[in-house]
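Please find below some notes on one helix and its surroundings, set out point by point for comparison with the coordinates.

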Amino acid sequence: DLSTSSSATCSIDFSSVDYSNYETNNINKSDCDATLNTDDTDIFLSIYWKSGMLGAASYNSQISEIQILHDIIESNLDFKILNALFMQLRPVNIIVSSLQDGHFLKMIKQLAHNGKINMFSSPTTTDDYKSDEKVHILPKKCFKFKTCEQLILSMSLASAPKNEKSRKLYIRSLVDFTQELTVCALGALLHFLDTPLVKLNLPTNFTIMSLKILNMDNLVWLDISTYESLQIFSAHEHPSIYKWTKNSTKEGPSIFSLLNRCNSVMGSKFLKNILAQPTKNLNIIKYRHEFIEFCINPCNESVILSLTNCIKHCRCVSSTVVKMNGGNASMYQWKLLYQTVINAITIGEICERYSEQITFFSKIKETLKDSLYTMVNAMSCIIDFEKSSIQNRFVVKPGFIPELDERKSKIENITELLNEITLKELQDLPSYINECSICKMPEVGFLLCLPFWKPYNLMTENDYKIQDLEFKFHLTDKVFYKTSRCYELDKYFGAIESSIIQEEIQTMTKLSEFIIQHWISDLHLILKLIAELDCLIGFADVAKDLKLIKPNILPKEHCIINIINGRHILQEKYVDKFVPNSYNSSKINQSIKIITGFNSSGKSIYLKQIALISYLCHIGCYVPAEYTEISILDHIHTRIQSTESVSSLMSAFMVDLKQMSVALNESTCKSLVILDEFGKGTSEINGLALLLASIRDFVHRPLHLLPHVIISTHFNSLPNLLQHIINKDILNDNVQYLSMSYTTECSKIVCLYRVIDQIKNQNKSMAHSIAAQNGLPKCIVERANKVLLSIQQDECISPMTENLRYKLFYRRKHFIERVLELMQDKITDAAFKDLVNDMENIRYP
């Protein structure tokens with residue numbers, strides 16, 4: 001109830017505003033889709049890397065917002081900060097210094113064009129030092145500290161005071177000028193935005209609406225290949241030809257599509273940020289869990305329904321504010337802003353009732369400021385939304401400006417005056433004209449309207465000529481003229497109407513300035529929390545549908561992952577029955593797990609399941625398991641998927657090596673390392689040797705550097721070889737062997753998809769049986785068995801004595817002869833069935 005706020009008064013001082021920038025025709029511009037269009041956003045990213053430190057600044061043209069990343073240590077081994085920046089921001093234009101070395105410039109161009117870094121690409125060339133359509137290499141003077149400092153202090157920031165001295169002090173309170181690389185990156189960004197070509201695509205009155213700090217200290221690090229292999233996001237080209245645009249992608253089966261049950265566009269965008277930024281902040285994870293628990297409680301269903309109904313009417317107003325700052329916001333956008341503020345206040349008041357119970361509600365309550373009440377009351381007092389919709393321009397409500405009301409009343413009470421003038425005009429008209437009227441037409445003004453005094457087909461050009469009247473045009477039944485009185489009316493009422501419109505434009509301008517300078521920052525704060533609220537309600541909805549449970553999150557010092565009967569949250573949607581499996585790893589419980597099993601036995605699903613449950617814990621979501629206890633992780637490393645590309649110039653094995661290299665160099669006891677069949681991309685001996693050496697490195701680490709490691713492999717000799725290179729006691733303390741269970745029925749393998757704590761049939765391979773089950777020709781499988789037997793017995797491989805090609809030719813010839821023979825008579829159903837069965841015998845030798 002908005003009337004409960006006694007502080008919500010409408011006392012606005014409209015005094016010192018320059019109206020010269022606001023044209024009358026600006027108010028009629030309509031851009032109904034601008035607020036809803038969130039895809040066509042240009043992100044400018046400025047990067048400065050020096051002596052192992054990275055500073056960055058970005059500009060979002062859609063919402064006119066700058067984000068800055070304070071100087072942070074960046075490893076040239078994997079450039080994980082750089083990877084995270086590109087994944088989070090998805091920039092279209094990247095600004096770098098010509099001082100950067102060729103290797104770094106090459107990395108930037110790879111990320112800009114391919115989305116991935118190739119550490120093993122070809123050496124740098126002269127082309128790497130040249131700008132292209134995405135990467136803009138600026139001269140070193142653009143990154144000079146003093147120059148950048150002056151550019152920052154003089155930037156146009158909407159929330160900054162008008163006074164120059166106060167404005168500089170205000171900007172210094174927002175930007176830490178001791179962060180040298182950040183200041184250089186931000187200054188270069190402002191310089192680039194001020195270039196003529198870029199300014200053409202920016203709003204006329206370019207103003208930065210907000211400035212925020214990017215914080216990456218609390219992030220759990222995942223590289224791009226991990227996001228892809230775990231299917232966190234899965235964007236595909238849209239299948240419809242009519243939707244092929246710049247960003248026309250359709251989300252496939254992924255964690256994002258599963259969790260995206262948001263009721264607003266800003267909620268969906270915030271969900272992408274949550275998924276791209278898994279957090280190490282235990283407080284954030286706990287208050288999200290607390291809120292989900294509140295939502296799941298049936299007693300709170302009505303509260304969640306009320307919140308959801310309000311969220312549906314909340315919009316991201318940043319683009320609207322940009323339009324308002326330029327003086328060309330449509331009435332549709334003003335309505336959206338008004339509607340959003342009202343619903344944000346309602347959400348805040350609902351949360352206030354439960355703020356003592358739920359931490360997240362108290363956070364929203366703290367952002368429910370008096371300025372929001374003042375803002376909504378000011379808009380309701382000033383804007384006449386009903387008339388504004390009809391006239392498609394900003395209309396001031398009656399009672400707000402008395403002088404304006406007087407002018408409008410003159411326009412509204414024009415009927416009596418027009419009747420009086422009509423009588424005078426009729427007296428001056430020729431006697432054969434018995435009636436007339438005065439009407440007003442847009443762009444033409446007041447006109448004398450006369451009905452035809454003759455049948456239309458008898459009217460001549462001379463008949464239209466009447467003394468002292470200026471003929472304008474005629475319609476099917478009326479003729480229109482201008483008279484001296486009409487010109488006087490145009491002059492009198494035109495001046496009034498012009499002054500009304502000018503006054504209302506001035507009022508709109510002042511209101512816009514007040515909103516931007518005093519109120520909009522508070523609205524942004526509460527809308528950010530409402531977007532998160534939308535996501536968490538979606539999390540609760542998914543938790544109820546998929547029977548997820550609340551994990552127990554421990555501080556990072558515990559170094560433990562304990563999952564009882566966990567499930568793969570995506571895989572279980574596509575199978576009739578999913579077999580759950582457990583996992584337990586800690587400093588005292590063998591941190592390295594080595595799992596073996598046949599193809600298609602469920603090893604990869606098990607590995608991904610552990611990684612996904614760990615990941616979901618760090619975004620504050622419930623997890624698919626009976627019980628989960630996990631300490632905070634700092635990194636999830638994976639070697640699951642090797643994505644090859646011609647542009648990357650990397651073989652699948654090189655991709656494997658890069659992923660393994662990062663896992664070995666960056667992992668600690670607070671890391672999870674997933675290795676799926678590492679070493680398969682090269683010869684068996686070399687691959688096995690690399691895997692053995694990697695395991696040995698992990699095993700001999702001190703406890704504070706020993707990560708949680710899960711390895712799946714087809715190297716059945718691995719356990720025996722590990723005993724020869726690692727002390728037995730150390731091996732038993734750190735390594736646990738697991739395998740995937742199976743059974744055989746009628747000589748066929750049946751996978752049970754259950755992880756068991758033993759090495760089962762270590763030297764037995766069922767590759768040939770699985771090949772036969774998956775359609776490989778029987779003769780090929782039989783020959784493979786003979787070759788394998790000869791190798792195992794150290795015998796010479798006997799050559800093939802039968803001419804399989806001749807046998808195949810003979811069977812095909814016999815088949816055709818039989819078909820021709822049957823074609824002479826009617827083919828019976830039984831004969832047709834026999835032919836179909838015979839076709840299988842003529843496919844392969």
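1. In this predicted model, the buried residues of helix α18 are Ile414, Leu418, Ile421, Thr422 and Glu425. Around the helix axis they cover an arc of only 115°, which puts them on the same side of α18. This fits the general geometry: an α-helix has 3.6 residues a turn, so residues three or four places apart point the same way.

2. The face of α18 turned away from that buried side carries the exposed residues Glu416, Leu423 and Gln427. As for its length, the 15 residues of α18 (414-428) should span 21 Å at 1.5 Å a residue, and because the end C-alpha atoms are 21 Å apart, the model agrees with this expectation.

3. The cover over the buried residues of α18 includes α17 (402-412), β9 (437-441), β10 (445-451) and α19 (484-546). With respect to the strands, α18 lies across β9 and β10, and runs at about 125° to β9.

4. β9 and β10 belong to an open sheet of four strands, ordered β9-β10-β12-β11, with antiparallel pairing. Its edge strands are β9 and β11 (470-474), each of which pairs on one side only. Ignoring direction, neighbouring strands of the sheet are turned by 40° against each other on average.

5. Within the sheet, β10 pairs with β12 (residues 478-482) in the antiparallel sense over four bridges, and Cys449 stands opposite Phe480 in β12. Helix α19 packs on the sheet, where it touches β9, β10, β11 and β12, and its direction makes about 140° with that of β10.

6. For context, the chain has 28 helices and 22 strands, and buried residues make up 49% of its 845 residues.

Note on methods: Residues numbered from 1 in each chain as written. Predicted model: local features only at pLDDT ≥ 70, side-chain atom pairs only at ≥ 80, totals over all residues. Heavy atoms only, no water. Helix = DSSP H or I, 4+ residues; strand = E, 2+ residues; numbered from the N terminus. Expected span 1.5 Å × (residues − 1). Buried < 20%, exposed > 50% of the residue type's maximum accessible area, 1.4 Å probe, protein only. Arc of directions from axis to C-beta. Contact = heavy atoms within 4.5 Å. Pairing = 2+ DSSP bridges. Axes fitted to C-alpha atoms, helices over the stretch in contact; angles between N-to-C directions.
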